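Biologist: Could you put the model up so we can go through the terms you use for it? I'd like to hear what stands behind each one.

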Amino acid sequence: MAVFAPAVVYSPEIEHRQADEEETIAELATVFTGMARTVAEHEGHAHRAVHAKGHALLNGRFRVLDGLPAELAHGLFATAGSYEALVRLSSPPAEQLPDNVSTPRAMAVKILGVDGPRVDGGDELHSQDFLMVNGPAFSTPGAHGFLRSAKLLAATTERMPRTKQALSATLRGAEAALEAVGGQSATLKALGGEPRHHPLGETYFTQVPFLYGPYMAKFSWVPVSPALLALTGAPLPSGADAQREAVAAFFADLSAPVEWELRVQLCRDLEKMPIEDASVAWPEAISPFVAVGRLQVGAQPSWNAAAAAREDALAFAPWHALAAHRPLGSLNRARRVVMAASRQFRSQFNRCPLHEPGTAQG
């Protein structure tokens with residue numbers, strides 16, 4: 001049996017802000033709110049400033065595993081329990097682009113009815129949100145690189161839709177060639193080179209770290225049911241709403257509920273598993289992902305007019321969290337401000353207050 005180094009205990013000096021971080025974050029908020037405003041003025045409705053296109057909103061149930069070792073029994077995972085959950089599948093950027101422009105997939109889960117001390121800066125009182133995308137590392141280390149990427153994205157928002165589809169096809173070819181020789185590029189995927197695979201077969205990662213009680217960790221949603229694993233790498237047909245249609249067909253025909261594991265990867269080496277550099281995938285040879293919970297989702301309509309309206313009134317954010325799972329690092333500090341600004345603009349433009357759901361039904 002492999003023996004791993006002990007988990008690193010968090011201390012405040014592990015996090016360090018660059019001198020101009022606050023100015024960078026303020027500019028990020030301006031850029032992302034500007035993208036949301038551009039889309040809203042063009043379409044007459046405000047969407048999220050990133051991951052705007054929803055493909056599914058699902059009701060599920062999350063179960064914390066019983067008998068976790070002491071190292072893993074913290075925060076939400078301190079005791080076994082079962083919770084209602086909401087699952088949103090989506091893709092970036094700020095526009096409702098056709099799925100022929102293939103950008104990364106995202107899976108956000110809101111676990112409901114979670115009691116305990118809350119993180120400062122969150123605006124929900126009983127939710128624990130986990131936001132993940134289908135890649136282990138972010139395209140830039142921190143907020144400064146994020147700003148450069150955001151400005152590039154903002155310059156093309158609501159422009160050249162046909163050009164974007166052609167560019168996406170070219171980038172997918174480049175990404176496929178790179179993966180054929182054992183590599184991959186988060187940048188190519190973010191710009192439209194994401195392989196056009198079924199979103200339900202993907203493994204999702206937070207990419208950025210969080211507190212895990214006294215420790216630090218990253219999280220991952222991993223499909224474990226055979227019906228989900230059969231979709232890993234499965235191609236999607238062309239179509240403006242191919243992901244939405246594929247997910248709807250899957251859950252309409254489901255004969256038994258399917259499950260994802262929530263896995264945690266504890267930081268065991270600060271040099272090789274940095275907190276402030278999100279572009280580094282933490283090596284699993286040093287600290288493998290370990291299961292701490294299971295998410296179960298059964299047959300149901302995954303998208304219709306009612307789901308779209310309900311999704312519009314929801315907010316998913318990493319700062320909707322217990323204090324024991326406070327977001328860490330530059331990108332998470334940026335997300336706290338940028339996502340709050342996006343939520344405020346969306347709510348005001350649509351004249352629709354966002355709310356924390358009490359149950360999975362509403």
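**The cores, the helix pair and two odd loops**

Modeller: Sure, and bear in mind that this is a predicted model. The largest nonpolar core has 65 residues, and those with the most contacts inside it are Phe62, Leu76, Phe77, Trp221, Phe251, Trp260 and Leu295. Helix α1 gives the largest share of this core, 9 residues.

Biologist: What does Phe62 touch, leaving out residues up to four places away in sequence?

Modeller: Its partners include Leu76, Phe77, Trp221 and Leu295. Gly81, Ser82, Tyr83 and Arg294 are also among the residues Phe62 touches.

Biologist: And which residues does the second, separate core include?

Modeller: That one has 11 residues, including Ala307, Leu314, Met339 and Ala360. For the protein overall, 54% of the 362 residues count as buried.

Biologist: Now the helices. Why is α1 called roughly parallel to α2?

Modeller: Helix α1 (residues 21–43) and helix α2 (residues 143–154) pack at an angle of about 25°, with axes 10 Å apart. Angles under 35 degrees count as roughly parallel, so α1 is roughly parallel to α2. The crossing of α1 past α2 is left-handed.

Biologist: Which residues of α1 meet α2?

Modeller: From α1 they are Thr24, Glu27, Leu28, Val31, Phe32 and Met35. On the α2 side you'll find Ala143, His144, Phe146, Leu147, Ala150, Lys151, Leu153 and Ala154. The residues of this contact divide into 10 nonpolar, 2 polar and 2 charged.

Biologist: What makes Gln207 count as buried?

Modeller: Its relative accessibility is 10%. Buried means under 20%, so Gln207 counts as buried. Gln207 lies in the loop between β5 (204–205) and β6 (210–212). Its phi is near 70°, a positive value in a residue other than glycine.

Biologist: Where is His51 found, and what is its phi?

Modeller: His51 is in the loop between α1 and β1 (53–64). Its phi is positive too, about 50°, although His51 is not a glycine.

Biologist: Last one: how many helices and strands are there in the protein?

Modeller: There are 8 helices and 9 strands. As for contacts between residues at least 6 apart in sequence, 77% of them join residues at least 24 apart.

Technical notes
Residues are numbered from 1 along each chain as its sequence is written. This is a predicted model: local features need pLDDT of at least 70, side-chain atom pairs count only at pLDDT 80 or more; totals for chains, interfaces and linings use all residues. Side-chain values use heavy atoms; hydrogens and water are left out. Axes are lines fitted to C-alpha atoms, for helices over the stretch in contact, and angles run from 0 to 180 degrees between N-to-C directions. Helices (H or I, at least four residues) and strands (E, at least two) are DSSP runs, numbered from the N terminus. Angles under 35 degrees count as roughly parallel, over 145 as roughly antiparallel, 65 to 115 as roughly perpendicular and the rest as oblique. A crossing is left-handed if the near helix is turned anticlockwise from the far one by less than a right angle, and right-handed if clockwise. Contact means heavy atoms within 4.5 Å. Ala, Val, Leu, Ile, Met, Phe, Trp, Tyr, Cys and Pro count as nonpolar, Asp, Glu, Lys and Arg as charged, and the others, Gly among them, as polar. A nonpolar core is a set of buried Ala, Val, Leu, Ile, Met, Phe, Trp, Tyr and Cys residues joined through side-chain atoms within 4.5 Å. Buried means under 20% relative accessible area, exposed over 50%, partly exposed in between (1.4 Å probe, protein chains only).
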